Amino acid sequence: MIKNDIDVSSNLIGELRFMKTLQIKPNFSDLSRKYSVDRHTIKKYYDANGIPMKSGRPKKSKWDCMFEDILYILDKPGVSYKAAYMYFLNTREEELPGDYNSFRNYCYRKHLKPKQKKHNPHVLYEVDPGRQLQADFKEDLSIHLKNGDLIEFNVFSATLAYSRQHIFIYSPAKTTDDFIRCTIEVFRRIGGVTETLLTDNMSAVVSCHGRKKKIHSRISQLFNDLDCSLKLCKARTPQTKGKDENANKFMNWLLPYDYEIESVDQLIRTIEETITSQCNMEVNSGTNMPPALLFRKEKEYLKPLPNKVMLSSYMVEHYRKKVPESLLIVYKGNKYSVPARCLDQYVDIYPAEGNMIYIYRNKELVATHTISQNTVNYDENHYREALKMNLSHTDDIDKMAKKNLERLEKLGGNMNE
């Protein structure tokens with residue numbers, strides 16, 4: 001229409017509908033002069049029973065160029081709108097055509113709906129600054145590298161109860177040594193010690209004998225040295241440490257990186273630097289402030305860290321290696337064998353007292369070796385198993401394995417792979 005007069009519009013539409021009812025053909029030119037409306041527009045109104053026809057052209061959006069990528073990421077189980085947006089912000093920041101609200105509204109219009117996880121409500125409570133740290137393992141996580149390798153791991157998740165400051169630490173296992181290492185690392189990163197640490201009744205912390213539970217002696221000694229009280233949640237009440245349970249949602253931000261990570265080192269950096277930093281800048285719904293801002297105040301209330309030498313005595317070295325075709329993984333310059341089923345898999349190497357190393361694949365202990373000065377150290381069973389996979393059954397595998405291992409020993413363990 002040319003005029004914006006509501007009365008003119010309603011009168012015109014009323015007259016057209018009246019003519020349509022009586023099957024009177026209008027004089028569009030006369031009506032155009034009468035109402036100052038283009039005759040072609042009036043005809044469209046008349047043909048549509050007095051209702052103007054809208055254009056069928058769909059509205060374009062700046063996000064349309066990323067439609068397929070958004071669909072692909074949201075199709076991964078557990079990925080929320082926020083997790084998807086943060087992934088694109090980290091990987092394609094310069095290409096993003098809008099902010100998070102724009103992204104979410106676009107998803108709504110296109111009916112791109114992620115699968116939402118159901119959360120049970122629980123009562124919140126507050127504590128004084130420096131009073132409590134809540135900690136737990138986010139267990140049995142997995143992600144694929146770009147080359148298809150599946151990495152299985154855990155994340156030690158810790159949250160300061162007052163500020164909600166989060167600390168995420170990658171952990172290949174969740175043993176007592178892992179709990180000790182991660183706890184010390186958390187206190188190092190926040191620059192002090194809280195009065196209490198609240199966690200659940202995990203096997204890394206307590207041993208159960210019937211209904212009786214006992215905290216491991218090494219754990220008790222650590223918390224005595226830290227001057228920190230260890231408190232255990234009541235069984236089957238995860239809401240007791242609800243602030244840290246809520247922190248676990250940030251691990252969903254890792255889901256879009258499936259098949260996008262180059263290496264384990266990049267995975268660790270993504271967890272411990274990128275995601276940790278970003279979630280501490282998010283406004284917390286309980287405090288209406290970012291954790292990083294409140295942490296500046298809470299840090300003043302933390303107790304000082306104990307002697308560094310004392311803390312170092314609790315730390316256990318740990319290395320992660322990928323098993324090559326030789327089945328030999330390197331530890332401090334020398335090579336030690338693992339079973340053939342570990343080929344192309346990642347294993348974790350833990351030194352222990354008694355001049356030993358323990359090698360794990362995920363949670364399975366696959367090999368133990370006495371630390372040696374030889375360059376190459378094959379377990380005879382590992383070597384024999386590998387030969388059987390490559391030679392015919394008519395060959396004398398045992399004899400061949402024994403001779404080759406003797407040669408290696410005479411050569412001082414030197415072997416070209």
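Over which residues near the start of the numbering, 1–5 or others, does pLDDT stay under 50, and how many contacts beyond four places in sequence does the model have for them? The stretch is residues 1–5, with eight such contacts. Here pLDDT is the predictor's confidence in each residue, from 0 to 100, and contact means heavy atoms within 4.5 Å.This is a predicted model, in which local features need pLDDT of at least 70, side-chain atom pairs count only at pLDDT 80 or more, and totals for chains, interfaces and linings use all residues. Residues are numbered from 1 along each chain as its sequence is written, and side-chain values use heavy atoms, with hydrogens and water left out.

**Confidence**

The chain averages a pLDDT of 82. At least 70 is the score of 83% of the residues. Residues 413–417 stay under 50, and the model has 11 contacts for them beyond four places in sequence. Where pLDDT is low, the predicted coordinates should not be read in detail.

**Cores**

A nonpolar core is a set of buried Ala, Val, Leu, Ile, Met, Phe, Trp, Tyr and Cys residues joined through side-chain atoms within 4.5 Å. Buried means under 20% relative accessible area (1.4 Å probe, protein chains only). The largest core has 39 residues. Ile70, Phe103, Ile151, Phe153, Leu267 and Ile271 touch the most other members. Among the elements that each supply at least two residues are helix 4 (67–74), strand 1 (132–144) and helix 10 (264–279). Helix 5 gives the most, with seven residues. Helices (H or I, at least four residues) and strands (E, at least two) are DSSP runs, numbered from the N terminus.

Ile70 is in contact with Trp63, Phe88, Phe103, Tyr106, Cys107 and Leu112, leaving aside neighbours within four places in sequence. A second, separate core holds 31 residues, including Ala158, Leu222, Cys228 and Tyr314.

**Strands**

Strands of a sheet pair through backbone hydrogen bonds, either parallel or antiparallel. Two strands count as paired if DSSP finds at least two bridges between them. Strand 4 (residues 196–199) is covered on both faces. Thr196 and Leu198 are buried on one side, Leu197 and Thr199 on the other.

Three parallel pairings compare as follows.

| Strands | Bridges | Opposite residues |
|---|---|---|
| 1 and 4 | three | Gln132 and Thr196 |
| 4 and 7 | four | Leu198 and Lys231 |
| 10 and 14 | two | Tyr336 and Asn377 |

Strands 9, 10 and 14 form an open sheet in the order 9-10-14, with mixed pairing. Strand 9 (328–331) and strand 14 (376–377) stand at the edges with a single partner strand each, so one side of each has no neighbour in the sheet.

Conventions:
Buried < 20%, exposed > 50% of the residue type's maximum accessible area, 1.4 Å probe, protein only.
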